[in-house]
Amino acid sequence: MNHSCHQSPQPSVRTAVTTPPEAAPFSGPAATGPRRTVELTGTQALSLLGRTSLGRIVFTQRALPAIRPVNHLLDHGQIVILTHQDSDLFAQAHDHGDRGVVVAYQADDIDPLTHLGWSVVVTGYCRPVADPDALTRYQRLLRPWSGPVMNCAVRIRPHLVTGIRLAV
């Protein structure tokens, strides 16, 4: 007699790695409930934008969208960013002169644990800052993180301002 011995394969055993509640990302009552999106007025959105210094400029670079993190300040309702003379952003703003070049600017403050906070998007016309006194003032007020000397500035005049607040 030929007896073939058949062994069934061992079942696959998966072990779950458990994370203690205090170390689990997005834990806590505020992180588990549903969120509401509250639309902000333009005034509210600009006010929030004025309270932060970090954002992202969106512009066209070689016919494609480009996004750069930058620091900014809000001056009389306009967003000011330091840049350098060789930047694509400055070149486009300079080439378009008084008309300006269309850009978008986005900033937010969203808590990574609770997912609560706000986000603002400004679309408008970006123009170079031509006034030497204003440029000197902006260079005193804004400190870029690194890179070449920021000897130029651009100013975005908001045309469309939208914002949301993420709330529970």
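Here is a friendly exchange between a visitor and a guide about this predicted model.

Visitor: How many helices and strands does the chain have, and in what order do the elements run?
Guide: Happy to start there. The chain has four helices and eight strands. From the N terminus on, the order is α-β-α-β-β-β-β-α-β-β-α-β.

Visitor: What share of the contacts with a separation of 6 or more comes from residues 24 or more positions apart?
Guide: One such pairing in sequence is W118 with L49, which sit 69 residues apart along the chain and 9.8 Å apart from C-alpha to C-alpha. For the chain, counting contacts with a separation of 6 or more, the share from residues 24 or more positions apart is 72%.

Visitor: Is W118 buried or exposed?
Guide: W118 belongs to strand β7. Beyond its sequence neighbours within four places, W118 is in contact with residues including L48, L49, A107, I110 and I164. Buried means under 20% relative accessible area. Because the relative accessibility of W118 is 7%, the residue counts as buried.

Visitor: Which residues have the most contacts inside the largest nonpolar core?
Guide: That core has 25 residues. Elements supplying at least two residues each include α2 (42-50), β6 (101-110), β7 (117-128) and β8 (152-167). Those with the most contacts inside the core are I57, I81, V103, Y105, C126 and I156.

Visitor: Which residues does I57 touch, not counting those up to four places away in sequence?
Guide: I57 is one of the residues with the most contacts inside the largest core. Of the others listed with it there, I81, V103, Y105 and I156 are among the residues I57 touches. The rest of its partners are A66, I67, R68, V70, L89 and A104.

Visitor: How many residues does the second, separate core have?
Guide: Among its members are L135, Y138, M150 and A153. M150 also appears among the residues nearest the centre of the largest pocket. The size of this second core is 10 residues.

Visitor: Which element gives the most to the lining of the largest pocket?
Guide: The pocket holds about 380 Å³ of space, and 20 residues line it. β2 (54-61), β3 (64-71), β5 (78-83) and α3 (88-96) each supply at least two of these residues. The one that gives the most, with four residues, is β3.

Visitor: How many nonpolar, polar and charged residues are in that lining?
Guide: Nearest the centre of the pocket lie R68, P69, V70, T83 and M150. Taken by class, the whole lining comes to 11 nonpolar, seven polar and two charged residues.

Visitor: What is the phi of A63?
Guide: A63 sits in the loop between β2 and β3. Its relative accessible area of 70% makes A63 exposed, since the cut-off is over 50%. Most residues other than glycine have a negative phi. A63 is not a glycine, yet its phi is positive, at about 70°.

Visitor: Where does H115 lie?
Guide: H115 is a residue other than glycine with a positive phi, near 65°. With a relative accessible area of 37%, H115 is partly exposed. Its place is in the loop between β6 and β7.

Visitor: How far apart are the C-alpha atoms of P132 and C152?
Guide: P132 lies in helix α4 (residues 132-141) and is exposed, with a relative accessible area of 57%. Along the chain, P132 and C152 are 20 residues apart. In space, their C-alpha atoms are separated by 9.6 Å.

Conventions: Residues are numbered from 1 along each chain as its sequence is written. This is a predicted model: local features need pLDDT of at least 70, side-chain atom pairs count only at pLDDT 80 or more; totals for chains, interfaces and linings use all residues. Side-chain values use heavy atoms; hydrogens and water are left out. On a 1 Å grid over the protein atoms alone, a cavity is a set of points where a 1.4 Å probe fits but cannot get out, and a pocket is an open set with protein on both sides within 12 Å along at least five of seven lines; lining residues have an atom within 4 Å of a point. Grid points are joined across faces, edges and corners, and a volume is the space filled by probe spheres set on the points. Ala, Val, Leu, Ile, Met, Phe, Trp, Tyr, Cys and Pro count as nonpolar, Asp, Glu, Lys and Arg as charged, and the others, Gly among them, as polar. Buried means under 20% relative accessible area, exposed over 50%, partly exposed in between (1.4 Å probe, protein chains only). A nonpolar core is a set of buried Ala, Val, Leu, Ile, Met, Phe, Trp, Tyr and Cys residues joined through side-chain atoms within 4.5 Å. Contact means heavy atoms within 4.5 Å.
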